[in-house]
Amino acid sequence: MKVGIMQPYFLPYIGYFQLIRSVDLFLVYDNIQYTKKGWMNRNRMFLNGKDVMFSLPLKKDSDYLDVCQRELAADFNRQKMLNKIKAAYQRAPYFSETFPLIELIVKYENPNLFCFLQNSIVRICEHLEITTEIRISSDIVIDHGLKSQNKVIALCEAVGASAYVNAIGGMELYSKHEFDARGVNLKFIRSKPFKYDQFGYDFIPWLSILDVMMFNSLDVIKERLISSCEIIDEGE
């Protein structure tokens, strides 16, 4: 059984969903520290030929809290965010198919940051017809005081994983020898960029999945979830 584990992000890039699509079980970290200025509550979209940031405002709180302990700001104006997205993409070829999904995601009323992000990930997977089982990391019985590689290996062992697939950017974080010693085959997924038309402007890669869904049909995206990535061993 192949397992992937990631922290939650807000409308992440297509590589996140390629990882989910490539494994049998995907664990989402809820008991991991919120990263200030990271990608948990923000991302990039296309607007007038440029990439612009959009973000979820958070209630002021300690930077040392886990993502499951953070909340959206009470004054988060969901309609304002939707209006910004609509202004950017209303002329996109797949706006009518995509915007209702984005409305459901943004209007989700749970103020807990993790629950909000988890809902968005599940909704998009359903839309993209990704059938991978998704579970929450804290539901797995391990010593959750473990950190980094040790926690990943413990989670893999607890769910009976034969292989662990990680994003290519984390290659230097893990030791293949340590995974092999615990009976888990360490793999990495490498995403390949694919170009598509963005209103005739110079192409900007790796924007939010929002951008991909606005400019590409569901059939194209489903095909790219498979063809525009590869699973590799360390060092390939």
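Serine 148 is exposed, with a relative accessible area of 58%. That puts serine 148 over the 50% cut-off. Serine 148 belongs to helix α5, which spans residues 148-159. Its phi is positive, near 45 degrees, although the residue is not a glycine. The model is predicted. The points below cover backbone angles, salt bridges, nonpolar cores, a helix pair and two residues of helix α4.

**Positive phi**

- Most residues other than glycine have a negative phi.
- Serine 148 departs from that pattern, with phi near 45 degrees.
- Glutamate 129 also has a positive phi, about 60 degrees, and is not a glycine.
- Glutamate 129 sits in the loop between α4 and β5.
- The relative accessible area of glutamate 129 is 48%, so this residue is partly exposed. The exposed class starts over 50%.

**Salt bridges**

- The structure contains eight salt bridges. Three of them are described here.
- Glutamate 129 pairs with lysine 222 in a salt bridge, at 2.7 Å from N to O.
- Lysine 222 is in helix α8, whereas glutamate 129 is in the loop between α4 (113-127) and β5 (133-136); the pair therefore ties together parts 93 residues apart in sequence.
- Lysine 222 is partly exposed, at 27% relative accessibility.
- Lysine 187 and aspartate 233 form another salt bridge through their side chains, at 2.6 Å from N to O.
- This pair also links distant parts of the chain: lysine 187 is in strand β7 (residues 185-191), and aspartate 233 is in the segment after β8 (229-232), 46 residues away.
- Aspartate 233 is partly exposed, with a relative accessibility of 23%.
- Arginine 44 and aspartate 51 make a salt bridge in which the closest N and O atoms are 2.7 Å apart.
- Which partner of this bridge is buried, and which is partly exposed? Arginine 44 is buried, at 18% relative accessible area. Aspartate 51 is partly exposed, at 35%.

**Nonpolar cores**

- The largest nonpolar core has 58 residues. Phe17 and Tyr89 have the most contacts inside this core.
- At least two core residues come from each of α1, β2 (25-28), β3 (42-47), α2 (78-89), α3 (95-106), α4, α7 (209-215) and α8.
- Helix α4 contributes the most to this core, with seven residues.
- Setting aside neighbours within four places in sequence, tyrosine 89 is in contact with Met45, Phe46, Phe95, Leu210, Asp211, Met214 and Phe215.
- A second core is separate and has 22 residues, including Ile142, Val152, Met171 and Phe188.

**Helix pair α1 and α8**

- Two packed helices are described by the angle between their axes and the distance between the axes.
- The axes of α1 (residues 14-22) and α8 (residues 218-227) come within 9 Å and cross at roughly 70 degrees.
- The two helices are therefore roughly perpendicular to each other. That class covers angles from 65 to 115 degrees.
- On the α1 side, the contact is made by Ile14, Phe17, Gln18 and Arg21. On the α8 side, Arg224, Leu225 and Ile226 take part.
- By class, this contact has four nonpolar residues, one polar residue and two charged residues.
- Phe17 has two roles here: it is in the α1 contact with α8, and it is one of the residues with the most contacts inside the largest core.

**Two residues of helix α4**

- Asparagine 119 lies in helix α4. How accessible is asparagine 119, buried or exposed? It counts as buried, at 13% relative accessibility.
- Beyond residues up to four places away in sequence, asparagine 119 touches Ile105 and Tyr108.
- Cysteine 115 is also in helix α4. Its relative accessible area is 29%, so cysteine 115 is partly exposed.
- Cysteine 115 touches Tyr108 and Asn110, again not counting residues up to four places away in sequence.
- Tyr108 thus appears in both contact lists, that of asparagine 119 and that of cysteine 115.
- The C-alpha atoms of cysteine 115 and cysteine 68 are separated by 7.5 Å, and the two residues are 47 residues apart along the chain.

Key. Residues are numbered from 1 along each chain as its sequence is written. This is a predicted model: local features need pLDDT of at least 70, side-chain atom pairs count only at pLDDT 80 or more; totals for chains, interfaces and linings use all residues. Side-chain values use heavy atoms; hydrogens and water are left out. Axes are lines fitted to C-alpha atoms, for helices over the stretch in contact, and angles run from 0 to 180 degrees between N-to-C directions. Helices (H or I, at least four residues) and strands (E, at least two) are DSSP runs, numbered from the N terminus. Angles under 35 degrees count as roughly parallel, over 145 as roughly antiparallel, 65 to 115 as roughly perpendicular and the rest as oblique. Contact means heavy atoms within 4.5 Å. Ala, Val, Leu, Ile, Met, Phe, Trp, Tyr, Cys and Pro count as nonpolar, Asp, Glu, Lys and Arg as charged, and the others, Gly among them, as polar. A salt bridge is a side-chain nitrogen of Lys or Arg within 4 Å of a carboxyl oxygen of Asp or Glu. Buried means under 20% relative accessible area, exposed over 50%, partly exposed in between (1.4 Å probe, protein chains only). A nonpolar core is a set of buried Ala, Val, Leu, Ile, Met, Phe, Trp, Tyr and Cys residues joined through side-chain atoms within 4.5 Å.
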